[in-house]
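Me: I am new to this structure and would like a close look at a single part of it. Please take me through that part slowly, in connected prose.

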Amino acid sequence: MASGTQTETAGRIRIGSNKTGAWLARYALEQLPVSHTFGIPGVHTTELYDELNQSEKIRPILVTHEVCGAFAADAISRTGGGRVGCLVIVPAAGVTHAMSGIGECYLDGIPLLVITGGPRTDVPFGYQLHEIDQQRLVDGIVKASWKVNEHSEIVPFIFEAYRTAVTGVPGPVLVEIPVNLQLFSQRVEDVPAFAAPAPEQPGVDRELDAAVGMLSAARAPGIFVGWGAVDVVDSVQKIAEILGAPVSTSLQGLSAFPGNHPLHTGMGFSRAAVPAAENAFAKCDCMLAIGVSFGEIPTGSFGCPVPENLIHIDISPQAIGRNFPAKIGLAGDSRVIVPQLLARLQASGAGNSARRREVEARIARDKSAYREEWHAHQSERVNPALFFEELRTRMHDDAIMTVDDGNHTFLAAELFQVRAPRSFISPTDFNSMGYAVPAAIGAKLANPSRQVVSIVGDGAFLMTGLETTTAATLGLGIAYFVFDDGELSQISQGQEIPYNRKSCTTLGTIRIKGIAEATGAHYVAIENNTQIAAGIAEALTTAADGRPVIVDVHVDYSKRTRFTRGVVQTALKRFPLRDRMRFIARALVRKVTG
Ligand SMILES: Cc1ncc(C[n+]2csc(CCOP(=O)(O)OP(=O)(O)O)c2C)c(N)n1
Ligand SMILES: [Mg+2]
């Protein structure tokens, strides 16, 4: 609250004095679950920053680049226990810089509140600084946007923007407040009281019974969960146990089922999945999909076998049956639907403990064989499987991991065991590199008592790694593990076979130690397997003391992930025959000629 003199009547708060637009914006943000804002001030936002600086509820955070602000704010929404990430940025250049992060929230279904300044609306001049139609600019990557015209609109627009961001499929919203409104005051009689959006209640009785019937009749039921199931993990676990059904997750939803549960299989279930997942779902005759859109990554480029008997629960009616037809579609909030489904399943007396034992035994065998395959992989450099196993033993169950986009992401997905809901976050469908370093800052600010680690490729680290300076300034103990292979590996691996050439995927030489020195982070190097344990221990101990650490991991990338091998095969198969032949012929010729 920005003032102690207000009284509330009939959903309105009485103000009865002159207020600036900046005061009103701060007031509105303070009513919402906003704990931090991120951005870089400019002449169009200094008044608002001055207000936020006086807030006891909100802490404005200076970042080095607005895209980092957007990724950090995104992590607040993903890990902040109901909080919403918020950007306060300058118009035009601040917004375009932030757009990769806004787009990530848009495609990943993450709420984000973007507040921007705007050019003056009370002067007759054109060609003002940062003057651009921002609503048009962001149209394809926000759920909605508002441009404020007068003081009385500021509070209701911000409340409406927040409600839009968090209801239905969550996503980003933008509110532009022209600088003159922020700076100048006007008499304000009252403002609306904030009302949180009511939880959605689906009327799906008949479909729930049909779903129970279909699941009970299945010979080999399977469960596929995404980020949309991240808040119903307990219910999903019980459903899986009753049915004796294997559970696979999407990439974004890796934390939607505990990796140490015996029914957990891995990411996806196509040939691009780990063997435990591929085998467990090979004969699946009824799939329960919850909060997952069957996007490109977890389906291994849409190459997974989805049974006809698909029960699809998702907040987005558009996602249901979009890529694979659903026999039963339940559009709505999984937090409402899934506990109801569980209750009916329990009441129906369904259960198959023999199947459960069988399924669990097979998963355990497959997981152990895959682990052994990785252990047998010899290298002078760091074996990723040994690295992730050691990291797991030293991380608390509720520790948060942020990842970037690259080969390291899929290694983490295949080799690291994620245990707690919302403890693994990734830039998934917008797939924007540069996410992991700033996202870890948002995650740590939202969860100061939890360990936060980041797995980031060297290419991605070059994009946003300097944001480590913000972690150092704020005393945030984050361990950044930079997978240093000298390449944009996820792409260079894809170039290897078809092109037999690497075009623009080899990085220049970077001295990561220099970046650590420049930003004030502690530096650790892990050059081979014998240094893994001590290196991770040093990193986590230093981080626990409130200092960021950059760990230069000389990782070995010579063994391909199942994901990379699988998607290459699937994608090639879907090429028109003529082009497939052209690709294969070119690869063969280049193999001979070099
Ligand atoms: C902003 C952006 N640019 C380019 C890409 C394409 N891309 C996807 S993964 C990848 C390689 C990332 O390299 P690095 O960060 O070193 O990770 P590695 O694959 O080596 O683990 C690239 C270039 C992308 N996803 N996002
Ligand atoms: Mg790399």
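Reply: Helix α15, which spans residues 436-446, is mostly covered in this predicted model, since 11 of its 11 residues are buried. Reading along α15, the buried residues are Ala 436, Val 437, Pro 438, Ala 439, Ala 440, Ile 441, Gly 442, Ala 443, Lys 444, Leu 445 and Ala 446, and Lys 444 is therefore counted as buried because its relative accessible area is under 20%.

Further along the chain comes the site of the magnesium ion, ligand 2, which is coordinated at 2.1 Å by Asp 458 and Asp 485, each through OD, and by Glu 487 through O. Along the chain, the donors of this magnesium ion follow the spacing D-x26-D-x1-E. Asp 458 belongs to helix α16 (residues 458-464), whereas Glu 487 sits in the loop between β19 (478-483) and α18 (489-499), so the pair ties together parts that are 29 residues apart in sequence. Asp 458 is buried, with a relative accessible area of 3%, and Glu 487 is buried as well, with a relative accessible area of 17%.

Strand β19, named above as one end of that loop, also has a place in an open sheet of 6 strands, whose order is β17-β16-β18-β19-β21-β20 and whose pairing is parallel. The edges of the sheet are held by β17 (424-425) and β20 (522-526), each of which has a single partner strand, so one side of each is left without a neighbour in the sheet. At the β17 edge, strand β16 (residues 400-403) runs parallel to β17 and is joined to β17 by 2 bridges, and here Thr 402 of β16 stands opposite Ile 425 in β17.

Helices α16 and α18, already met around the magnesium ion, lead on to the second largest pocket, which holds about 920 Å³ of space. The elements that give two or more residues to the lining of this pocket are α14 (407-415), α16, α18, α21 (562-573) and α22 (577-593), and the largest share, 8 residues, comes from α18. In total the second largest pocket is lined by 38 residues, of which Gln 490, Ile 491, Gly 494, Val 567 and Val 568 lie nearest its centre. Sorted by class, the lining of the second largest pocket is made up of 19 nonpolar, 13 polar and 6 charged residues.

Terms used
Residues numbered from 1 in each chain as written. Chains lettered and ligands numbered in written order. Predicted model: local features only at pLDDT ≥ 70, side-chain atom pairs only at ≥ 80, totals over all residues. Heavy atoms only, no water. Donors = N, O, S within 2.8 Å, 3.2 Å for Na, K, Ca; no water. Helix = DSSP H or I, 4+ residues; strand = E, 2+ residues; numbered from the N terminus. Buried < 20%, exposed > 50% of the residue type's maximum accessible area, 1.4 Å probe, protein only. 1 Å grid on protein atoms, 1.4 Å probe; cavity = no way out; pocket = protein on both sides within 12 Å on 5 of 7 lines; lining within 4 Å. Points joined across faces, edges and corners; volume = space filled by probe spheres on them. Nonpolar A, V, L, I, M, F, W, Y, C, P; charged D, E, K, R; others polar. Pairing = 2+ DSSP bridges.
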